[in-house]
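Good morning, and thank you for the time on today's agenda. I would like to walk you through one structure, element by element.

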Amino acid sequence: MPTVLTNLPDVVVALLAKGGGLFTAEAARVEGIDKHRLGRLVDAGLLARVAHGCYAAAADHQRLRPWERHRVEARGFSHARPGAFLTGWSAAIIWCLPTMGRPPIRPSALWPKAPGRGSTTTRGGRLLVADLPDEHRWRVGDAMVVSKAWAAVDVGRTAPVAHALVVADAALRMGANLAGVIPYMTRWPGMRRAKWVVDHADPCAESALETLGRFACLEALLPLPVSNAWVGRDRPVYRVDGLWPWHWAAHEADGAVKYDDRPDASRIVAAQSEREWYLRRLGLDVVRYGWTLATSRRGELAARFGVMLQDNPARDVPIRWWKDVPGSGPVVPGADDWPEPGSPSGGLPSWWVAG
């Protein structure tokens, strides 16, 4: 009677630990584990085949959240397709760029052009063939990926515009040259969308929630706020997530800070109250918002911004403010870089679909 497998062998557990939760059939063969034994572990529900010749612990893999599961499957696809470079969302998750919505059904990768190569889609992933310059070929951990810039622009071609802008903001903040990728993709489908995203990306936005607040203004043709500007009477005191200097108005994104069960909850609340008091004494009107408004009720968020700007018409003199230069550290005065009062964000392109 065949032995019932109930636990992963120690040698397999060691392989998983060494590979960060993933190992290849070749690594198993080196340890004396042949493909038949791996197959039995898969049949027993102990291993999951995440890509051709790549395995993860089945129980751990099932417990992963969708994007983390996609990260593992993308790594596996990279192992399974030597010479290919993960792209789009599959590269973004490897680079730890922010993710939005649901992950793609399967990983995507680029194969640099070569004789006999063609695009193909398999159960394990989607392979595209394209010219990929050397400077956009990277290794991150055990995965081969395109650069952050290439990943962000590729996401911009097909993802909902709001999601693509979140990725582009983050990539710019990390120093990626998005505009430098555009010439390599001029004939790719969806490049009008991607170019719009690149043109409207802002490295000063520091979170997805801040980006979505700015996107609500773009979508509603409202004046654009300055991201993460400092305000104060004679010196920078507090930084607001978005500032309309001429309107003496700001928005604040309430992110994932949880007050429940935190030993410092009372201190956080007190600091926030003090900050709010100072901003209003300074003469600043403030709208606060969270994830629900920014994602599923963005029209309502834009309406709130619009009402606040209407209630605070542009003045002759803007509020005193300063800005951070990303990557430089020091705070520099923003007096010479004030946006014109009431400047709208511009018309929407013909391809525009809210998303």
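Throughout this talk, two residues are in contact when heavy atoms lie within 4.5 Å. With that in mind, please turn to S108, which is found in strand β5, residues 108-112. Setting aside neighbours within four places in sequence, S108 is in contact with F77, L86, T87, S90 and R126. Is S108 buried or exposed? Its relative accessibility is 16%, so S108 counts as buried.

I should say at once that the model is predicted. The protein chain has 355 residues, and buried residues make up 47% of them. Its secondary structure comes to 13 helices and 15 strands. Consider also the contacts between residues at least 6 apart in sequence: 62% of these join residues at least 24 apart.

Let me begin near the start of the chain, with helix α1, residues 10-18. Which residues of α1 are buried? They are V12, L15 and L16. These residues cover an arc of only 100° around the axis, and therefore they sit on the same side of α1. The other side of α1 carries D10, A17 and K18, which are exposed. As for the partners of the buried residues of α1, they pack against β1 (23-24), α2 (25-30), α3 (35-43), β2 (47-51) and β3 (54-57). After α1 comes G20, whose phi is positive, near 65°.

Helix α3, one of those partners, can be described in similar terms. Its buried residues are L38, G39, L41 and V42. The arc they cover around the axis is only 160°, which puts them on the same side of α3. H36 and D43, on the other side of α3, are exposed. What do the buried residues of α3 pack against? The answer is α1, β1, α2, β2 and β3.

I now move along to helix α5, residues 66-80, where H70 lies. H70 counts as buried because its relative accessibility is 1%. Which residues does H70 contact, once its neighbours within four places in sequence are left aside? They are W89, S90, I93, P103, P104, R106 and P107. For one of these contacts, W89, there is also a distance to report: the C-alpha atoms of H70 and W89 are separated by 9.2 Å, although the two residues are 19 apart along the chain. You will recall S90 from the start of the talk, as it is in contact with S108; S90 is likewise in contact with H70.

The next topic is helix packing, and here α8 takes part in two pairs.

In the first pair, helix α7 (residues 148-158) and helix α8 (residues 161-173) have axes that come within 9 Å and cross at roughly 165°. Angles over 145 degrees count as roughly antiparallel, so α7 is roughly antiparallel to α8. The crossing in which α7 passes α8 is left-handed. On the α7 side, the contact is made by K148, A152, V155 and G156, and on the α8 side by A164, V167, A168 and A171. By type, the residues of this contact divide into 6 nonpolar, 1 polar and 1 charged.

In the second pair, α8 packs with helix α10, residues 208-220, at an angle of about 130°, and the axes are 9 Å apart. How are α8 and α10 oriented to each other? They are oblique, and their crossing is right-handed. From α8, the residues V161, A162, L165, V166 and D169 meet A208, T211, L212, R214, F215 and L218 of α10. The residues of this contact divide into 8 nonpolar, 1 polar and 2 charged.

Finally, I would draw your attention to the backbone at two further residues. N228 has a phi near 50°, a positive value in a residue other than glycine. Where does N228 lie? It is in strand β10, residues 226-231, and it counts as buried at 4% relative accessibility. W248 is not a glycine either, yet it has a positive phi of about 50°. W248 lies in the loop between β11 (238-244) and β12 (249-253). With a relative accessible area of 17%, W248 is buried.

That concludes my presentation, and I thank you for your attention.

Technical notes: Residues numbered from 1 in each chain as written. Predicted model: local features only at pLDDT ≥ 70, side-chain atom pairs only at ≥ 80, totals over all residues. Heavy atoms only, no water. Axes fitted to C-alpha atoms, helices over the stretch in contact; angles between N-to-C directions. Parallel < 35°, antiparallel > 145°, perpendicular 65-115°, else oblique. Left-handed = near helix turned anticlockwise from the far one by under 90°. Nonpolar A, V, L, I, M, F, W, Y, C, P; charged D, E, K, R; others polar. Buried < 20%, exposed > 50% of the residue type's maximum accessible area, 1.4 Å probe, protein only. Arc of directions from axis to C-beta.
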